[in-house]
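Trainee: Could we go through this structure together, one feature at a time? I would like to see how you reason from the coordinates.

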Amino acid sequence: MIIENSANSSNKKLLDFNVKAINVLKGIFAVLPLTLALPVDALQVKIIPTNPKLGDTISVEINRDNPDNSTNLTVASGNNTYPAFEIAPNQYRAFVPTTPLEKAGTRTLRVTGDGQVQNLAVNVLNRKFPVQRITLPPGKAGVDATEYELKRVAAFKALRTPEKYWNGVFLKPNAGRMSTTYGVRRYYNGTFAKDYYHRGLDYAGAAGSSVIAPASGRVALVGRVSQGFRVHGNVVGIDHGQGVTSIFMHLSRINVKEGDFVKAGQLIGAVGSTGASTGPHLHWGLYVNGQSVDPTPWRTKVVN
């Protein structure tokens, strides 16, 4: 009896152990399919600045853990889609421009790539821009741009070269004081110009003073009054790459030609008053994916 009870006790313990082992295995296999089924987050997205305001350039940085080279990364805002260019191994960036003509508030950025779509809410803060009131004499006609001028400038602003040419903060292109800031709105004869804002920075440099490239890039536009550039005057456009371009207007002299590669700080021309200008000054416009953005943040913060 003692031996039998001992055997029964041993069998019971073995049975209990087997039951527990089976339950453990059941638990493992019950969890395992769920773990394998969890989606892999292949796109990690970072937005800079975290609190953009109207006129800022929104930088959307994307890291790909499992890159699919057959898929292009894009970032969409509203009806506009912007390409994402590689800035480091498996790291990409797209620029989303904002302008004074837009409304402040929350907007959705759609990041698409590697079979995924991510929607991110970004709150764009309002910003007050200076207002000018201009009275024009009756019958005074403004200067109209030529068709050739408009086509050349539009093609230049639409450039989206994959290479990134700039490095570090952008330099001040002229030593003169800033006479007109970015984003100034205007009333003409009491009527608000809804589609107008000052698309750049003006520097009140002396006639003939040096104009330098604020950042490296390729000269993609050279236009002269003699060619029909009636509004821009003598103009130089630099392609900094990845959808970023600079335009320099009203020059008295041009020191570069199309196709030249210029470095930051290199002389490209001189201040003048050609085109639609009432006095010597330099107009510098910075465009991102075809839209005029505030150059000031580019001069104070490094956009790598």
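What follows is a short conversation about strands, a salt bridge and a pocket in this predicted model.

Trainee: In what order do the strands of the four-stranded open sheet lie?

Mentor: Happy to start there! The edges are a good handle: β1 (43–48) and β5 (85–88) each pair on one side only. The pairing in this sheet is antiparallel, and the twist averages 30° from one strand to the next. Reading across, the order is β1-β2-β6-β5.

Trainee: Which residue is the bridge partner of alanine 88 in β6?

Mentor: Begin with the strands themselves: β5 and β6 (residues 91–97) run antiparallel and are joined by three bridges. Alanine 88 has its bridge partner in β6, and that partner is glutamine 91.

Trainee: Moving on to β3 and β4, which residue in their hairpin takes a positive phi?

Mentor: Nice one to look up on the model. Strand β3 (residues 74–77) pairs with strand β4 (residues 80–83) in the antiparallel sense over four bridges, and valine 75 has tyrosine 82 as its bridge partner. Two residues lie between these strands, and the one with a positive phi, near 65°, is glycine 78.

Trainee: And which residue in β7 is the bridge partner of serine 77?

Mentor: Here β3 meets another strand, since four bridges also join β3 to β7, and the two run antiparallel. Within β7, serine 77 finds its bridge partner in leucine 109.

Trainee: How many residues apart are arginine 64 and aspartate 114?

Mentor: Their side chains meet in a salt bridge, at 2.4 Å from N to O, and a search of the whole structure finds seven salt bridges. Side chains of opposite charge can pair when their charged atoms come close. Arginine 64 is in strand β2, while aspartate 114 is in the loop between β7 (105–113) and β8 (116–124), so this pair links distant parts of the chain: the separation is 50 residues.

Trainee: Which element supplies the largest share of the lining of the second largest pocket?

Mentor: This pocket has a volume of about 440 Å³ and a lining of 20 residues, with Ile48, Ser59, Lys301, Val302 and Val303 nearest its centre. Domain 1 (44–124) and domain 2 (131–299) each give at least three residues to the lining. At least two come from each of β2 (57–64), β5, β6 and α3 (296–300). The largest share is three residues, and the element supplying them is β2.

Trainee: How do the residues of that pocket's lining divide into nonpolar, polar and charged?

Mentor: The centre gives a first taste, with Ile48, Ser59 and Lys301 among the residues lying nearest to it. Over the lining of the second largest pocket, the division is eight nonpolar, five polar and seven charged.

Key
Residues are numbered from 1 along each chain as its sequence is written. This is a predicted model: local features need pLDDT of at least 70, side-chain atom pairs count only at pLDDT 80 or more; totals for chains, interfaces and linings use all residues. Side-chain values use heavy atoms; hydrogens and water are left out. Two strands pair if DSSP finds at least two bridges between them. Axes are lines fitted to C-alpha atoms, for helices over the stretch in contact, and angles run from 0 to 180 degrees between N-to-C directions. On a 1 Å grid over the protein atoms alone, a cavity is a set of points where a 1.4 Å probe fits but cannot get out, and a pocket is an open set with protein on both sides within 12 Å along at least five of seven lines; lining residues have an atom within 4 Å of a point. Grid points are joined across faces, edges and corners, and a volume is the space filled by probe spheres set on the points. Ala, Val, Leu, Ile, Met, Phe, Trp, Tyr, Cys and Pro count as nonpolar, Asp, Glu, Lys and Arg as charged, and the others, Gly among them, as polar. Domain bounds come from an automatic or database domain assignment. A salt bridge is a side-chain nitrogen of Lys or Arg within 4 Å of a carboxyl oxygen of Asp or Glu.
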